[in-house]
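Open your viewer, switch to a cartoon view and keep the selection box handy. We will go from one stop to the next, choosing something to select each time and then looking at what is there.

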Amino acid sequence: MRIGVLTGGGDCPGLNAVIRAVVRKGVATYSHEFVGFRDGWKGPLEGLSRPLGIAEVRGILPRGGTILGSSRTNPFKIENGVERIKENLAAQGVDALIAIGGEDTLGVATKLHELGVHVVGVPKTIDNDLGATDYTFGFDTAVNIAMEAIDRLHTTAESHHRTLVVEVMGRHAGWIALHAGLAGGANVILLPERQFDVEQVAGYVEKRFQHQYAPIVVVAEGAQPLDGQMVLHNQELDSFGHVRLGGIGQWLAEQLEAKTGKEARTVVLGHIQRGGTPTAFDRVLATRLGLQAIDAVHEGDWGKMVAMQSTDIVRVPLAEATRELKTVPLERYAEAEVFFGS
Ligand code: F6P
């Protein structure tokens with residue numbers, strides 16, 4: 001078989017580990033051939049490809065980002081997008097596609113499967129918000145980066161008796177904020193899943209100062225105050241209809257400074273959470289998902305996404321995985337609340 005591989009959406013550490021595993025097993029065990037499509041769905045849409053063999057995947061396991069490039073291209077928003085993809089796959093002699101992506105990239109894969117394209121999906125995202133899989137690779141790395149930042153911020157916050165508000169990514173899911181906040185001993189953690197009361201947050205901050213410790217407040221970029229709105233970077237929508245979030249940290253720091261009379265500053269971790277080398281957990285998860293994906297392709301098990309359930313790598317229908325976002329259950333959030341303000 002000749003198999004196309006693409007990576008779409010926001011990049012994350014571990015993408016190269018998947019590509020490597022797919023190619024290494026595909027060539028060594030099944031004697032398949034590969035072609036790399038560049039920049040997500042833009043690759044098959046515009047026929048942009050590059051060679052992808054054993055030589056091309058040597059040494060990429062620890063590298064962040066993706067050797068194939070990525071984009072947020074939505075072929076369903078482009079005239080004759082699906083026909084163009086089908087034509088380019090045929091022109092390049094590609095029998096099947098492995099699409100590595102999050103809800104948007106895999107949403108496209110789901111629809112293309114329904115339209116007869118041979119496709120298998122691999123879930124990735126630092127946000128950990130895909131259904132049908134317990135974890136996505138990229139998440140553990142992002143959490144570790146955020147945790148390390150929080151550890152460092154504790155010491156400087158103490159020295160200056162300041163509140164430090166740390167804004168983390170995650171879009172509409174609070175997984176990064178919850179895990180990084182718990183691991184880093186944050187004073188308060190605020191998630192998109194539950195609107196927060198600024199007065200209550202200010203109360204937690206005051207209490208922390210009374211204990212002679214400076215507070216660290218972790219806020220997810222999608223968190224919202226009670227009766228307030230999500231803070232947007234601007235009003236633009238991407239081709240999947242997503243807004244660009246960002247700014248809640250600054251807004252909150254200003255509120256906390258005004259309410260407590262203590263200086264409050266903001267740190268926005270941004271794309272640092274997505275860059276650099278993957279953790280061991282993410283490398284292993286990405287590798288195992290890649291191995292399962294090439295098995296699924298070899299068996300012609302189309303329309304599936306490989307997933308981690310408990311410690312097993314299984315296959316689930318793409319449609320099931322992309323049906324709804326996996327957000328933080330409120331009872332999981334409640335576990336963290338015992339640490340707030342103390
Ligand atoms: O989905 C991953 C993610 O990093 C989100 O956490 C964040 O909201 C978004 O992508 C940022 O996207 P971009 O890099 O396109 O601004």
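The tour below starts with an annotated span, moves through some helix contacts and ends at a single residue. Please keep in mind along the way that this is a predicted model.

**Stop 1: the annotated span**

Select residues 2-297 and give them a colour of their own. UniProt lists this span as "domain: Phosphofructokinase", in an unreviewed entry. Helix makes up 41% of the span and strand 18%. Now pick the C-alpha atoms at its two ends: they lie 10 Å apart.

**Stop 2: H6 against H7**

Next, select helix H6, residues 139-160, together with helix H7, residues 175-183. At what angle do H6 and H7 pack? The angle is about 45°, and the axes are 8 Å apart. Because angles from 35 up to 65 degrees fall in the oblique class, H6 is oblique to H7. Their crossing is right-handed.

Now show the side chains where they touch. From H6, turn on Phe-139, Ala-142, Val-143, Ala-146, Met-147 and Ile-150. From H7, add Trp-175, Ile-176, His-179, Ala-180, Gly-181 and Ala-183. If you colour this contact by residue class, you will find ten nonpolar residues, two polar ones and no charged ones.

**Stop 3: H7 against H12**

Keep H7 on screen and add helix H12, residues 330-337. The axes of H7 and H12 come within 11 Å and cross at roughly 25°. Since an angle under 35 degrees counts as roughly parallel, H7 is roughly parallel to H12. The crossing here is left-handed.

Which residues of H7 meet H12? They are Trp-175, Leu-178, His-179 and Leu-182, and on the H12 side their partners are Arg-332, Tyr-333 and Ala-336. By class, this contact has five nonpolar residues, one polar and one charged. Leave Trp-175 and His-179 highlighted for a moment: Trp-175 and His-179 take part in the contact with H6 and also meet H12.

**Stop 4: His-211**

Finally, select His-211 and zoom in. His-211 sits in the loop that runs between helix H8 (198-210) and strand E8 (216-220). Is His-211 buried, exposed or partly exposed? Its relative accessibility is 40%, so His-211 counts as partly exposed.

Now add Gly-341 and Ser-342. His-211 is in contact with both Gly-341 and Ser-342, leaving aside neighbours within four places in sequence. Although His-211 and Ser-342 are 131 residues apart along the chain, their C-alpha atoms are separated by 7.9 Å.

Methods. Residues numbered from 1 in each chain as written. Predicted model: local features only at pLDDT ≥ 70, side-chain atom pairs only at ≥ 80, totals over all residues. Heavy atoms only, no water. Helix = DSSP H or I, 4+ residues; strand = E, 2+ residues; numbered from the N terminus. Buried < 20%, exposed > 50% of the residue type's maximum accessible area, 1.4 Å probe, protein only. Contact = heavy atoms within 4.5 Å. Axes fitted to C-alpha atoms, helices over the stretch in contact; angles between N-to-C directions. Parallel < 35°, antiparallel > 145°, perpendicular 65-115°, else oblique. Left-handed = near helix turned anticlockwise from the far one by under 90°. Nonpolar A, V, L, I, M, F, W, Y, C, P; charged D, E, K, R; others polar. UniProt positions renumbered as here; feature names shortened; annotations may be inferred.
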